[in-house]
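This report covers one helix, one pocket and some backbone geometry of the model shown here.

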Amino acid sequence: MSGMDINEIMEYLPHRYPFLMVDRVLEVTPGKSIVAIKNVSRNEEYFQGHFPHHPVMPGVLIIESLAQAAALLSFKTEGIKPDGKIMTYFVGIDQARFRNPVFPGDQLRLEVSLLRHSYKIWKFSAKAWVEDRVAAEAQLMCAEKNLVESA
């Protein structure tokens, strides 16, 4: 059980600014769960249009933050780092609920637990919190794809 800084996160996720949605991992227990942080800044590009006079983080980006945390958990569980030959894709979402809005200055606490792993399919339970309020929750499904085999 250990954390990850942004440099280590970038070794595992192909995303880069402005689409890297995990700033820090507080703890990860391979095969079980991950707790990560997304700092929500007023400088994020989506706030220019969503909504300029009442900025709210789009729900789809909250879910994307959770999916990126789930991808980190899957790689840590398998004990591998992506090398350009394997990609984890977000392939499904169930029971998504948006409970409270997320505003600039908030810090999202991303909590993801592994429900099932079968072959190359992963299913997770995920919640995004702001302080003591649930902002969003969902069950997420991800799939590993070997990019070399599909070429």
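## Helix H2 and its surroundings

Of the 20 residues of H2, 16 are buried (under 20% relative accessible area with a 1.4 Å probe, protein chains only), so H2 is largely enclosed by the rest of the structure. The model is predicted: local features need pLDDT of at least 70 and side-chain atom pairs pLDDT 80 or more, while totals for chains, interfaces and linings use all residues. Numbering starts from 1 along each chain as its sequence is written, and side-chain values use heavy atoms, without hydrogens and water.

Helices here are DSSP runs of H or I with at least four residues, strands are runs of E with at least two, and both are numbered from the N terminus. At 1.5 Å times one less than its number of residues, H2 should span 28 Å, and its end C-alpha atoms are 29 Å apart, which agrees. Glycine 79, with a positive phi near 70°, follows H2.

Lysine 76 lies in H2. Its side chain makes a polar contact (a donor and an acceptor, N or O, within 3.5 Å; residues adjacent in sequence count only if both atoms are side-chain atoms) with the side chain of glutamate 8, at 3.0 Å. Beyond its neighbours within four places in sequence, lysine 76 is in contact (heavy atoms within 4.5 Å) with Met4, Glu8, Tyr12, Val28 and Pro30.

## Largest pocket

The lining of the largest pocket has 18 residues, and Pro14, His15, Met87, Thr88 and Tyr89 lie nearest its centre. Helix H2 (59-78) and strand S4 (86-98) each supply at least two lining residues. A pocket is an open set of points on a 1 Å grid over the protein atoms alone, where a 1.4 Å probe fits, with protein on both sides within 12 Å along at least five of seven lines; lining residues have an atom within 4 Å of a point.

## Backbone geometry

Most residues other than glycine have a negative phi, and most peptide bonds are trans. The exceptions below include two cis bonds and two positive phi values.

| Site | Value |
|---|---|
| Tyrosine 17 to proline 18, cis | omega about 10° |
| Histidine 50 to phenylalanine 51, cis | omega near -15° |
| Tyrosine 119 | phi near 55° |
| Glutamate 131 | phi about 55° |

Proline 18 sits in the loop between helix H1 (6-12) and strand S2 (24-29), and its C-alpha atom is 7.6 Å from that of glutamate 45. Tyrosine 119, in the loop between strand S5 (107-118) and strand S6 (121-130), is exposed (over 50%) at 69% relative accessibility.
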